[in-house]
Amino acid sequence: MSSQTFAGLFVAGTDTGVGKTIATAGLAAALREDGLDLGVWKPVMSGGLADEEGSDAWRLQVLSGVEDAREEIAPLVFPQPLAPLLAARAAGQPLAMEEIVAGGEVLRKRHRFLLVEGAGGLAVPLTETEMMVDLAVRLRMPLLLVARAGLGTINHTLLSIWYARERGVPVAGVILNEADADHAHDASLASNASMIEQVGETTVWGSIPRLREPITRGELVSSLRENVNLAGIRSWLEMQMDGGEPW
Ligand SMILES: Nc1ncnc2c1ncn2[C@@H]1O[C@H](COP(=O)(O)OP(=O)(O)OP(=O)(O)O)[C@@H](O)[C@H]1O
Ligand SMILES: [Mg+2]
């Protein structure tokens, strides 16, 4: 096992399609503009090709503005739109945790911090014996949870927070995202945030509004500056400087 430590945040979702890529890329873009050396890494990507327009690797690269190659951002890519374990099995290439971790070495050495985009939610099968949460444990990274902004999010968010903590992963907070046009602006938004903070004993750093497609880096960054407490998220990175661990 590598003794090198990864610094950064593990960006997990309550589900697939909640806006992890948008949040990860937008945070990286904004914090890079503010002078932090930060890379983005998608350890396992399924359901697309790294070079395909619109894939996670492509959007992470374009929206964050990093200069890393898409093959470095997403080193393990499987075409089938399945959970990583199943997509890897379908490709005849079962994954091992240390192989997944090794895929991030280039970016870890190049950047001070990494924002790591998980796949799906925390209990998604990753290897034959491990789930996505085990990767956060292995990397010793605090969790930044991206959740849908609308009705139904309290349950998914609290379950994810409690499960992460049960596995020993510190929770760096939550970003709500209006990923779902149907529920984008329902009345639950403000009360959801305060309920999650109160019951989940965590911080909701903000809520990303519904953005116009195609989403551009400029609009994403200005929306995050307006709606998300970037300084609060940055403090979770800064506490990891000089070897400090929030773990
Ligand atoms: N705030 C938003 N405004 C408009 N569209 C959004 C917003 N957030 C997400 N989307 C759109 O919703 C879709 C899902 O978002 P995204 O790809 O970031 O989710 P994800 O959690 O990364 O999904 P996956 O599990 O596939 O990695 C994308 O098409 C994205 O452009
Ligand atoms: Mg994604």
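**Metal site, pocket and loops**

Threonine 21 is buried, and aspartate 56 is buried too. In this predicted model, both residues turn up at the metal: the magnesium ion (ligand 2) has Thr21 (OG1), Asp56 (OD) and Glu117 (OE) as its protein donors, at 2.0 to 2.2 Å. Threonine 21 sits in helix α1 (residues 20-33) and aspartate 56 in helix α2 (residues 56-64), so this pair, 35 residues apart, ties together distant parts of the chain. Written out along the chain, the donors of the magnesium ion (ligand 2) have the spacing T-x34-D-x60-E.

Lysine 42 comes next. The unreviewed UniProt entry puts an "active site" feature at Lys42. In the model, lysine 42 falls in the loop between β2 (38-41) and β3. Its relative accessible area is 4%; because buried means under 20%, lysine 42 counts as buried. Setting aside neighbours within four places in sequence, the contacts of lysine 42 are Asp56, Leu60, Ile73, Ala74, Pro75, Glu117, Gly118 and Ala119. Two of these names are familiar from the magnesium ion (ligand 2), where Asp56 (OD) and Glu117 (OE) serve as donors. With glutamate 117, the link to lysine 42 is a side-chain to side-chain polar contact of 2.9 Å.

Then there is the pocket. The largest pocket has a volume of about 700 Å³. It is lined by 37 residues, and those closest to its centre are Gly17, Thr21, Ile22, Asp56 and Arg59. Two or more lining residues come from each of α1, β3 and α2, with α2 giving the largest share, five residues. The metal donors Thr21 and Asp56 are thus back again, as both belong to the set closest to the centre of the largest pocket.

Strand β3 (residues 44-46) also holds serine 46, a position covered by the annotation "binding site" in the unreviewed UniProt entry. Serine 46 has a relative accessible area of 25%, which makes it partly exposed. Beyond its neighbours within four places in sequence, serine 46 makes contact with Phe78, Gln80, Leu82, Ala83, Pro84 and Ala87. For leucine 82 there is a polar side to this: its backbone oxygen lies 2.7 Å from a polar atom of the serine 46 side chain.

Proline 79 belongs to the loop between β4 (76-78) and α4 (84-90). At 53% relative accessibility, proline 79 is exposed, yet it still has partners from elsewhere in the chain: not counting residues up to four places away in sequence, proline 79 touches Gly47 and Gly48. The C-alpha atoms of proline 79 and glycine 48 are separated by 4.9 Å, although the two residues are 31 apart along the chain.

A few backbone oddities round things off. The peptide bond from glutamate 213 to proline 214 is cis, with omega near -5°, and proline 214 lies in the loop between β8 (204-208) and α10 (217-227). Arginine 140, not a glycine, has a positive phi of about 55°. Arginine 140 is in the loop between α7 (132-139) and β6 (143-148) and is partly exposed, at a relative accessible area of 36%. Glutamate 201, another residue other than glycine, also has a positive phi, near 45°. Its place is the loop between α9 (188-200) and β8, where glutamate 201 has 66% relative accessibility and counts as exposed.

Terms used. Residues are numbered from 1 along each chain as its sequence is written. Chains are lettered from A and ligands numbered from 1 in the order in which they are written. This is a predicted model: local features need pLDDT of at least 70, side-chain atom pairs count only at pLDDT 80 or more; totals for chains, interfaces and linings use all residues. Side-chain values use heavy atoms; hydrogens and water are left out. Donors are N, O and S atoms within 2.8 Å of the metal (3.2 Å for Na, K and Ca); water is not among the atoms, so sites may look incomplete. Helices (H or I, at least four residues) and strands (E, at least two) are DSSP runs, numbered from the N terminus. Buried means under 20% relative accessible area, exposed over 50%, partly exposed in between (1.4 Å probe, protein chains only). UniProt positions are given in the numbering used here, feature names are shortened, and annotations may be inferred rather than shown by experiment. Contact means heavy atoms within 4.5 Å. A polar contact is a pair of N or O atoms within 3.5 Å; within protein, one must be able to donate a hydrogen and the other to accept it, and residues adjacent in sequence count only if both atoms are side-chain atoms. On a 1 Å grid over the protein atoms alone, a cavity is a set of points where a 1.4 Å probe fits but cannot get out, and a pocket is an open set with protein on both sides within 12 Å along at least five of seven lines; lining residues have an atom within 4 Å of a point. Grid points are joined across faces, edges and corners, and a volume is the space filled by probe spheres set on the points.
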